Amino acid sequence: MPQPPDAATAATTRDLLAYLTLLRTAGVGPARLRRLLQRFGDAVAVLAAGPSAWRDSGCSDAQIAALASPDHAGGEADLRWLDASDHHHHVRPGDARYPARLAEIASAPLGLFLIGDPACLAEPQLAIVGARAASVQGRENAAHFAGAL
C-alpha cells in the first residue's frame, strides 16, 4: 500500500506546483516574477499574497488580474509531465544544475524544462535563437546554419 507523502515532500511539491503555475501567468515576465519571489520568499507565498500586496509590489492591473486567476491546470499539467519520466526535469535558478553562464544574464529564464541528463547543462553549449514568428527566409537561414554545425 502506498504511503502518504511526508510533510517535506508535500511542501516541496506544493512549492513546485505554485512555481510552475507562476511561470504560466500571462503578463508576469521574468523580471517581475523575480521581484515577487524576492519579496514574498517563495511561489506559494506569491500566489497567496493577494491583490493589495501585488499592487504594493508594483504589479499592474493586468498582472494583478492574471495573478488572481492563475493557470493552475497548466501548472498541474507541467507537474504530470515531470512525474511521467525520470528523464523529465525542471531546473530553475538556485538549483545547482542551472547553467552558471545562463544565470549571469539579467533576463535569464526562470525555468528550463528538459528531457535527458541535466548534468549536460554544465557542458559547453551553443544556442540558435530566433523569433517565434520567423520569416520563411529566417527559418531557412537558421536551418542552413544549424545544418553546418
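Hi everyone. Before we start, one bit of vocabulary: when I sort residues by type today, Ala, Val, Leu, Ile, Met, Phe, Trp, Tyr, Cys and Pro count as nonpolar, Asp, Glu, Lys and Arg as charged, and the others, Gly among them, as polar. Please also keep in mind that what you have in front of you is a predicted model.

Let's put that vocabulary to use right away. The largest pocket holds about 360 Å³ of space. It is lined by 16 residues, and the closest to its centre are Pro99, Arg101, Leu102, Leu121 and Gln125. Sorted by type, the lining of this largest pocket comes out as 12 nonpolar, 1 polar and 3 charged residues.

Now for the second largest pocket, with a volume of about 180 Å³. Which elements give two or more residues to its lining? They are helix 1, residues 7–23, helix 6, residues 72–83, and strand 1, residues 88–91. If you would like to find this pocket on the screen, look for Thr12, Thr13 and Leu16, then Leu79, Leu82 and Asp83, and then His88, His89 and His90, with Arg92 and Arg97 also in the lining. By type, the lining of the second largest pocket has 3 nonpolar, 5 polar and 3 charged residues.

Let's step back to the whole chain. The protein chain contains 8 helices and 2 strands, and in sequence order the pattern reads α-α-α-α-α-α-β-α-β-α. Its C-alpha atoms fill a box of roughly 50 × 45 × 25 Å along the principal axes. Of the 149 residues, 29% are buried. And if we take the contacts with a separation of 6 or more, 52% of them are between residues 24 or more positions apart.

Next, two helices to look at one after the other. In helix 2, which covers residues 30–40, the buried residues include Arg32, Leu33, Leu36 and Leu37. Why do these four sit on the same side of helix 2? Because they cover an arc of only 135° around the axis. There is a general rule to remember here: an α-helix has 3.6 residues a turn, so residues three or four places apart point the same way. Just after helix 2 comes Gly41, with a positive phi near 100°.

Helix 5 can be read in a similar manner. Here the buried residues are Gln63, Ile64, Ala66 and Leu67. Their arc around the axis is only 160°, which puts them on the same side of helix 5. Turn to the other side of helix 5 and you find Asp61 and Ala62, which are exposed.

Let me finish with two loop residues. Ser57 lies in the loop between helix 4, residues 51–56, and helix 5, residues 61–68. Is Ser57 buried or exposed? Its relative accessible area is 17%, so Ser57 is buried, since the cut-off for buried is under 20%. Leaving out residues up to four places away in sequence, Ser57 touches Arg32, Leu36, Arg39 and Phe40. With Arg39, there is a polar contact of 2.4 Å between the side chains. You may recall Arg32 and Leu36 from the buried residues of helix 2.

Ala127 is in the loop between strand 2, residues 112–115, and helix 8, residues 136–148. With a relative accessible area of 60%, Ala127 is exposed. The C-alpha atoms of Ala127 and Ala146 are 9.6 Å apart, with these positions 19 residues apart along the chain.

Thanks for listening, and do have a look around the model yourselves.

Terms used. Residues are numbered from 1 along each chain as its sequence is written. This is a predicted model: local features need pLDDT of at least 70, side-chain atom pairs count only at pLDDT 80 or more; totals for chains, interfaces and linings use all residues. Side-chain values use heavy atoms; hydrogens and water are left out. Buried means under 20% relative accessible area, exposed over 50%, partly exposed in between (1.4 Å probe, protein chains only). The arc is that of the directions from the helix axis to the C-beta atoms. On a 1 Å grid over the protein atoms alone, a cavity is a set of points where a 1.4 Å probe fits but cannot get out, and a pocket is an open set with protein on both sides within 12 Å along at least five of seven lines; lining residues have an atom within 4 Å of a point. Grid points are joined across faces, edges and corners, and a volume is the space filled by probe spheres set on the points. A polar contact is a pair of N or O atoms within 3.5 Å; within protein, one must be able to donate a hydrogen and the other to accept it, and residues adjacent in sequence count only if both atoms are side-chain atoms. Contact means heavy atoms within 4.5 Å.
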